Every structure is written in C-alpha cells, then in structure tokens.
Amino acid sequence: MTEMREIRALHTDTTVTVYQAYAPAIGLPAARDGRFPAVWKRDRMTWIKPSFLWMMYRCGWGAKQDQETVLAVEITRDGFDWALRNACVSHYSPGLHPDQAAWKRQLRQAAARVQWDPERDVQLNQLPYRSLQLGLAGEAARRYADEWTVSITDVTPLAHEIHALVRAGDTDAAARLLPHERVYPAGAELLAPLGGAA
C-alpha cells in the first residue's frame, strides 16, 4: 500500500537521486562538469525533488522557460538525511507543532523546508498520495552544491523521449523508461516530525 506521505526515490546504499530543472546557462555546465557552476546562487533557496514525474509536472517536460535543462543530481544519503533532520514543514500543522508561533520559530531556524505535493502519473494527472519537495537554504544549499553532490546528469533527452511516448498514447512504454523509484528508508525518526510515513 502506498502511504499518503512517504519519500519515493531512485537510491543506492550511499546515494539518492533528486531532480531540478534550470536554464541551459546553468544546467549544461553543471552536467558537463559534474558540479554547479559559480553562477549558481548558493545563498538562495533551491528546491530538490526525488520524484521524476513531479519534476516533469513542474517543468513541463523541460519545455518551460528557464527550466529547459532537466538534471538528475545524485547526492549522498548522509547529506539528504542531514537536510531532513534539519527541516521544517513549510506550512503550519497543528499535529506537528504546539502552536503557530512555535512553527514560525522552527521555520526561521531550519536549514531546509519540506512540502508534500500531490504525486503525478505519467500523464501528469494528480495521484491520491503525496511526494516530497525539499527546499534547501543557507548552509543546506551550500552543502548540497559543494559537498553532497556525487554526480550531475542531463536527463532532458529522457524527459523528451518519455513525453513523446505519452503524447503518442503509449503510456506503457513511457512508464517503462521511468527511473526506478522506491520507498526511501528514512525512518520514523526523520519523517514523523515532517508529517511523513516511515
């Protein structure tokens, strides 16, 4: 059974893959060099998405302006877990915080933010369960760019290939090309404070 809020991702014993989309001026050098270029702003919040299809929904299969280059960024699991450990949900939730003031305090101090957005199918229709988006700011963004990143791959051709199959009505073939995302074993200690399921 799919939990309402759980992290599903392509991962190994040591790494987890997240997705971002950028203008070619950032995305192409990042993929070429395997690291984010100097023009990538390390002082701004950056959102990473373990769900390939949620990224496709967000960037329109790499067709939206300034999101034409879709990157698969493989980062260390230690880094990803650190971000979860130092995250706060981006919206107040009475079940997670004693009151709104406590949530605001935690949000101000947190290095990362969590949003749970509706997952998407291969046609980008909304599914009845949610997928993680992780916003990294300050120390988390710097660590992401300069310490956690293991590899950066341009997956724009894959996005376009899957989209072409979807447009042609061959959703089965499209689904077979999707990255193999499975439940990420974050555990209750990391996910419970974020409203997620272990």
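**Exercise 1. Determine how strand 4 and strand 8 pair in this predicted model, and over how many bridges.**

Solution.
- Strand 4 covers residues 69-76.
- Its pairing with strand 8 is antiparallel and runs over five bridges.
- One bridge can be named: Leu71 has Asp154 of strand 8 as its partner.

**Exercise 2. Place these strands in their sheet and explain why strand 2 and strand 8 each have a side without a neighbour.**

Solution.
- The sheet is open, has three strands in the order 2-4-8, and pairs them antiparallel.
- Strand 2 (15-22) and strand 8 (149-154) are at the edges.
- Each has a single partner strand, so one side of each lacks a neighbour in the sheet.
- On average, neighbouring strands are turned by 25° against each other, direction ignored.

**Exercise 3. Find which strands helix 2 touches, and which strands helix 3 lies across.**

Solution.
- Helix 2 (residues 52-59) packs on the sheet and touches strand 2 and strand 4.
- The direction of helix 2 makes about 10° with that of strand 2.
- Helix 3 (residues 77-85) lies across strand 2 and strand 4.
- Helix 3 runs at about 95° to strand 4.

**Exercise 4. Decide whether His11 is buried or exposed, then describe its surroundings.**

Solution.
- Locate the residue: His11 sits in the loop between strand 1 (8-9) and strand 2.
- Apply the cut-off: buried means under 20% relative accessible area.
- His11 has 8% relative accessibility, so it counts as buried.
- Its side chain reaches the backbone oxygen of Ala9 at 3.0 Å.
- Leaving out residues up to four places away in sequence, His11 touches Val16, Arg77, Arg182, Val183, Tyr184 and Pro185.

Methods: Residues are numbered from 1 along each chain as its sequence is written. This is a predicted model: local features need pLDDT of at least 70, side-chain atom pairs count only at pLDDT 80 or more; totals for chains, interfaces and linings use all residues. Side-chain values use heavy atoms; hydrogens and water are left out. Two strands pair if DSSP finds at least two bridges between them. Helices (H or I, at least four residues) and strands (E, at least two) are DSSP runs, numbered from the N terminus. Axes are lines fitted to C-alpha atoms, for helices over the stretch in contact, and angles run from 0 to 180 degrees between N-to-C directions. Contact means heavy atoms within 4.5 Å. Buried means under 20% relative accessible area, exposed over 50%, partly exposed in between (1.4 Å probe, protein chains only). A polar contact is a pair of N or O atoms within 3.5 Å; within protein, one must be able to donate a hydrogen and the other to accept it, and residues adjacent in sequence count only if both atoms are side-chain atoms.
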